[in-house]
Amino acid sequence: MSDRANLLISEMLKRVHEVVVEHDVTYDEYQAAKQWFIDVGEAGEWPLFGDVYIEHWVEEQAFSDRAGSKGTILGPFHIPDAPLLDAPFELPARPDESGTKTVFRGQVTDADGAPLANANLDVWQADADGCYAGFMPGPPDGNLRGQVRADDEGRYEVRTVIPGPYTIPLDGPTGKMTAAADWSPWRPAHIHLIVSAENHEPLVTQLFIGSSDHLDEDVASAVKPELIVHPKPSETDEGYEEFEYDFALAPSRATANV
Ligand code: BEZ
Ligand code: FE
């Protein structure tokens, strides 16, 4: 076993052992915890549990000193290789997709503000009812998912609808644990992005809708003030709200010191 594995496993177990001793954990509680581990596995919820209760701390730690825009967690609902859309960019949606139409635009630059031509934005989100295509009943495959290209000045524009907030599944073991602890199961409304450009670190982030409920009680602890946006009625696109957001990418680690 590597020294690193030895260290991390020992430290994690030590923390668990300390809780047992400090809080007099009973045999009944130990058996309930064991059953809960089994239930999480059987429900296929380990990725959900990890992304709700652990990923945020890993993300903060990994990128605390990274230049450029703030990122946040990836979460469990990304599907790689979404189709590259054609300009003008609009996320695929049902003809009767509900929710407020919105257009957001901005510029992708490096950490010093120089434009990154042809940057890629992989965008995915829940619908207005808080449902993700591919994971929840309702939206068809590929709904509200797609890749968007910035122009030769790094400028991009995306049309979509404002997503709804949603809860993690309440009837699964992660939801039941959350209820047992009397914590909020909600994620506030957000749009996910991975912004990437050659020779730069991909930025995994989320833009949180400022008018959403639950911004201050995100079950996944992923909200950061820098990531909150405030869509306002558009003056140029009738029936749309709009907001702006610029992304600054750090140089890739491999080339950072070149
Ligand atoms: C999400 O961003 O959609 C998400 C993140 C963590 C857990 C569940 C969902
Ligand atoms: Fe999400």
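**A chat about the iron site**

Author: Of the 258 residues in the chain, 44% are buried. Keep in mind as we go that this is a predicted model.

Reader: Thanks! How many helices and strands are there in the chain?

Author: The chain has five helices and 12 strands.

Reader: And what does the C-alpha trace span along its principal axes?

Author: About 65 × 50 × 30 Å. The accessible surface of the chain is about 14,400 Å², and carbon and sulfur atoms account for 54% of that surface.

Reader: What about contacts in the chain with a separation of 6 or more: what share comes from residues 24 or more positions apart?

Author: That share is 71%.

Reader: Okay, on to the metal. Which residues coordinate the iron ion (ligand 2)?

Author: Two tyrosines and two histidines: Tyr132 and Tyr166 each through OH, and His190 and His192 each through NE2. The distances run from 1.8 to 2.4 Å.

Reader: What spacing do those donors follow along the chain?

Author: The pattern is Y-x33-Y-x23-H-x1-H. Tyrosine 132 and histidine 192 are 60 residues apart, so to speak a link between distant parts of the chain. Tyrosine 132 sits in the loop between β2 (120-125) and β3 (145-149), while histidine 192 belongs to strand β7 (residues 190-196).

Reader: Are those two buried or exposed?

Author: Both are buried, because the cut-off is under 20% relative accessible area: tyrosine 132 has 0% and histidine 192 has 2%.

Reader: Nice. What angles do the six donor atoms of the iron ion (ligand 2) make?

Author: They range from 51 to 168°, and the site is classed as irregular.

Reader: Why is that not octahedral?

Author: For six donors, opposite ones must be over 155 degrees apart and all others between 65 and 115. An angle of 51° falls outside those ranges, so the site of the iron ion (ligand 2) counts as irregular.

Reader: Switching to ligand 1, which residues are closest?

Author: Val52, Tyr132, Tyr166, Arg187 and His192 are the closest of the 14 residues that surround ligand 1.

Reader: Which side chains have a polar atom by an oxygen atom of ligand 1?

Author: Among them is tyrosine 132, with a polar side-chain atom 3.2 Å from an oxygen atom of ligand 1. For histidine 190, a side-chain N or O atom is 3.4 Å from a ligand 1 oxygen. With glutamine 206, the corresponding distance is 3.5 Å.

Reader: How much of ligand 1 does the protein bury?

Author: The protein buries 99% of the 260 Å² that ligand 1 exposes when taken alone.

Methods
Residues numbered from 1 in each chain as written. Chains lettered and ligands numbered in written order. Predicted model: local features only at pLDDT ≥ 70, side-chain atom pairs only at ≥ 80, totals over all residues. Heavy atoms only, no water. Donors = N, O, S within 2.8 Å, 3.2 Å for Na, K, Ca; no water. Tetrahedral: all angles 85-135°; square planar, octahedral: opposite > 155°, others 65-115°. Helix = DSSP H or I, 4+ residues; strand = E, 2+ residues; numbered from the N terminus. Buried < 20%, exposed > 50% of the residue type's maximum accessible area, 1.4 Å probe, protein only. Near = heavy atom within 4 Å. Polar contact = N/O pair within 3.5 Å; in protein donor to acceptor, adjacent residues only side chain to side chain. Areas by Shrake-Rupley, 256 points an atom, 1.4 Å probe, with all protein chains shown as cover. Contact = heavy atoms within 4.5 Å.
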